[in-house]
Amino acid sequence: MLSRVADSLYWMSRYLERAEHTARLLAVKLETTVEQTGEEAEASWQRVVACLSAEEEAPRDSDAMVITQHLAFDRESPNSLLASLAFARENARQVREQLTVEVWENLNRLYLKLRGNDMLDTRYPATIFRETLQDLHALGGVTYSTLSHGEGWYFLELGRHLERAQLVCRLLDLHFGAAKMMVAAEPKYFDWLVLLKFCSAFEPYCKVYTAAIQPEKIADFLLFDPEFPHSVRFSIDRVCDALLRVAPGAPPNRRASVERLAGRLKALADFTQVEELMAQGTIAKFLADIAAQCEEIHDAVYAAYITYGAETVL
Amino acid sequence: MFASDGSVRAQFAALAERLIKLAPEELQRRQQACETSFLHQGITFTVYSDKQATERIIPTDLFPRIVTAKEWEKIEAGLKQRILALNLFLKDIYTDGRVLKDGIIPRSMIYGSKHYRREMRGLPVPHDAYVNVCGSDLIRRENGSFAVLEDNLRVPSGVSYMLANRDVVRRAFPNLFRAQGVRPIDHYPRELLSTLRALTPVREDVSIAVLTPGVFNSAYFEHAFLARQMGVELVEGRDLLVNDNVVYARTTSGLKRIDVIYRRIDDDFIDPLIFREDSALGVSGLFNAYRAGNVVIANALGTGVADDKAVYAYVPRLIRYYLAEEPILENIETYLCREPKALSHVLANLDKLVVKAVGESGGYGMLVGPHAAQAEREAFAEKIKADPENYIAQPTIQLSTAPTFVDGGVEPRHVDLRPFILHGEKTEIVPGALTRVALKRGSLVVNSSQGGGSKDTWVLSH
């Protein structure tokens, strides 16, 4: 596979994951905000803003609709939902000949639809984001069932799960870790519930732990559950699987640098326990470690397969 | 569609009966469905003038244009003859120059052309086929015969629209085809692939790539479409590199050798070491790899020398010279001012002719006689007399019309016809063409950038 094509597939997938995350946070936040007191709601919005925007351009407004408009549709912001979709589509356009007609058309249609309704003029704006989520899930399904599960597919998997692991780490950090300090109020019961919903995790969590909502168990579930698709552990496993399947013909010495990092990350996820993190107060460091190692893997993949110097292989 | 006495021409009878029965709202609905389909497929061009970079579709008219079997037979034979002669001509001027020595065509016209590539002299090309993909523009004359308006021998576009138009019309009127006997065109990508494949002596594991300037090029949709339909790699210049005169693509697993490049980049931009050094679209060293015979480029470089306005006028003579045959398709009558007889005719009839400077394009250096003032014509006459070699003249061209859906009704609009010819080991023409249509009433402009559209073209089997 051309390096440029792998690059575009990888980023298309990262941006789609980011778009899905943004749509879900906004949908959940808008749906749950009515049941919170003003102060709780504001703290909760702060977490969403901190999670979704670059620090310097986070909206200072306290009006939920203004914030939503910014996070969803601001054309100037590279982090908005619309911008993520536009970037995903640009990357897809670069590699149209690698995608099936179904994948391209679903993505293109979704983008055109959202762009066409880029103002919150509806009384129930959450419905826009719910619909977007459904469309994104449909796109995921179409991708899964029409695209060959070859190298390109594994670059999509790699991008999606590196992005997801980092996004979930960021979310957990805002509830458990160092970034928690950014928000005035400590999370309350309702915030833990919302955290689960931010990760589509409420029902899967209840199946494992019942509706007894406990922060430590939530951390355990979202970090280490091996079967739940939005847990950090699950994403790391997918990243490791994907790395075994990309660049099949690359020479062993170049593969080694990537696989060593993947193995280290997998070991970290496999052999850390939530009790330990809580007891020793090291959860912030752990989350930061995971995020940093994801970055290292990203860099190593680029160096080995995408931007390698031609002189090294001639 | 209608003959001069108002009756429906025979080949349209069945179609007209069905289409005209449809209610305007129904037509509107199907038209809308087509446009949505084009938009979703991303068959668009981008208008960069506004900030949001609006994407527009090229309007498609659902009313198909019909070419009868008999008309097509002549078009096909004429185009095959023409591409054969043009390729022999290209070979000749890059080798012996026999046609120049024999005085058939003036030496200065060829060696002075900015599209003549001295670098190509004496360089063998596979099967002596310089032009592998050609799109010639035809118009139907008042007497019903087709004539060639222009040959596009460099990187002709539009074949993806030919295929996309068929696709949407088939979806809009699924029942129409069987009754009509429309010949299929879907095998074009396969024919293109086998044309390209036959250009290389490499037999096993041939690696073919379509070379595009990238996503910002207006024909990018076509480049991606053809690569996907052929199942070959779509590459940009930055994906390729040349080492030891061999072309490689950079892949995740290392470097992969490329054997054939179907390039959709103009000569000027293809290799900064040989041609324009300021271009980042091409590949440094590509030309040397080509010269060394390690890669095939289709179309060959330097084919543009044979498609300018002046050479066009000589094509009938070239056909007689190389093939000893009479041209099957006419040219538009063209007067070469370098020839004394033609010159005096042009000067005497400036009020009826369009005069064009050979080296110019885009309407520059042009006189539209019927629309010019007497003083303008006199001034232009002086310019022609001062440099007759630089001017050609043609009668003002009247494009034929075809029925077109407009605002729920059917109206005539001007059209031209671009069939696509493939030439390599053998010559193939898929029975179909891109019909471009001037959507504004009375307009003769069929270019998509200026409000032109396109429509499906049906070549009938009987």
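User: In the predicted model, what is the order of the strands in the open antiparallel sheet of chain B?

Analyst: In this predicted model, four strands of chain B form an open sheet with antiparallel pairing. Its edge strands are β14 (335-336) and β16 (366-368) of chain B, each of which pairs on one side only. The order is β14-β17-β15-β16.

User: Which residue in β17(B) stands opposite B:Y335?

Analyst: Strand β17 covers residues 391-395 of chain B and runs antiparallel to β14(B), to which two bridges join it. Opposite B:Y335, the residue in β17(B) is B:A393.

User: Which helix of chain B packs on the sheet that contains β15, β16 and β17?

Analyst: The helix touches β15 (353-357), β16 and β17 of chain B. Its direction makes about 140° with that of β16(B). The helix, spanning residues 374-386, is α13 of chain B.

User: Which are the edge strands of the sheet β7-β6-β11-β12 in chain B?

Analyst: This is an open sheet of four strands with parallel pairing, and its twist averages 25° from one strand to the next. The strands that pair on one side only are β7 (233-235) and β12 (296-298) of chain B.

User: What is the bridge partner of B:V210 in β11(B)?

Analyst: Strand β6 (residues 208-211) and strand β11 (residues 260-263), both of chain B, pair in the parallel sense over four bridges. In β11(B), the partner of B:V210 is B:Y262.

User: At about what angle to β7(B) does helix α9 of chain B run?

Analyst: Helix α9 comprises residues 220-230 of chain B. It lies across β6, β7 and β11 of that chain, and its angle to β7(B) is about 150°.

User: Are α1(A) and α3(A) roughly parallel or roughly antiparallel to each other?

Analyst: The axes of helix α1 (residues 3-32) and helix α3 (residues 64-73) of chain A come within 11 Å and cross at roughly 165°. Angles over 145 degrees count as roughly antiparallel. The two helices α1(A) and α3(A) are therefore roughly antiparallel.

User: How do the residues of the contact of α1(A) with α3(A) divide into nonpolar, polar and charged?

Analyst: From α1(A), the contact draws on A:T22, A:L26 and A:L30, and from α3(A) on A:M65, A:T68, A:L71 and A:A72. These residues divide into five nonpolar, two polar and no charged.

User: What is the mean pLDDT of chain B?

Analyst: The model as a whole scores ipTM 0.87 and pTM 0.90. In chain B, 94% of the residues reach a pLDDT of 70 or more, and the mean is 89.

Methods: Residues are numbered from 1 along each chain as its sequence is written. Chains are lettered from A and ligands numbered from 1 in the order in which they are written. This is a predicted model: local features need pLDDT of at least 70, side-chain atom pairs count only at pLDDT 80 or more; totals for chains, interfaces and linings use all residues. Side-chain values use heavy atoms; hydrogens and water are left out. Axes are lines fitted to C-alpha atoms, for helices over the stretch in contact, and angles run from 0 to 180 degrees between N-to-C directions. Angles under 35 degrees count as roughly parallel, over 145 as roughly antiparallel, 65 to 115 as roughly perpendicular and the rest as oblique. Contact means heavy atoms within 4.5 Å. Ala, Val, Leu, Ile, Met, Phe, Trp, Tyr, Cys and Pro count as nonpolar, Asp, Glu, Lys and Arg as charged, and the others, Gly among them, as polar. Two strands pair if DSSP finds at least two bridges between them. pLDDT is the predictor's confidence in each residue, from 0 to 100.
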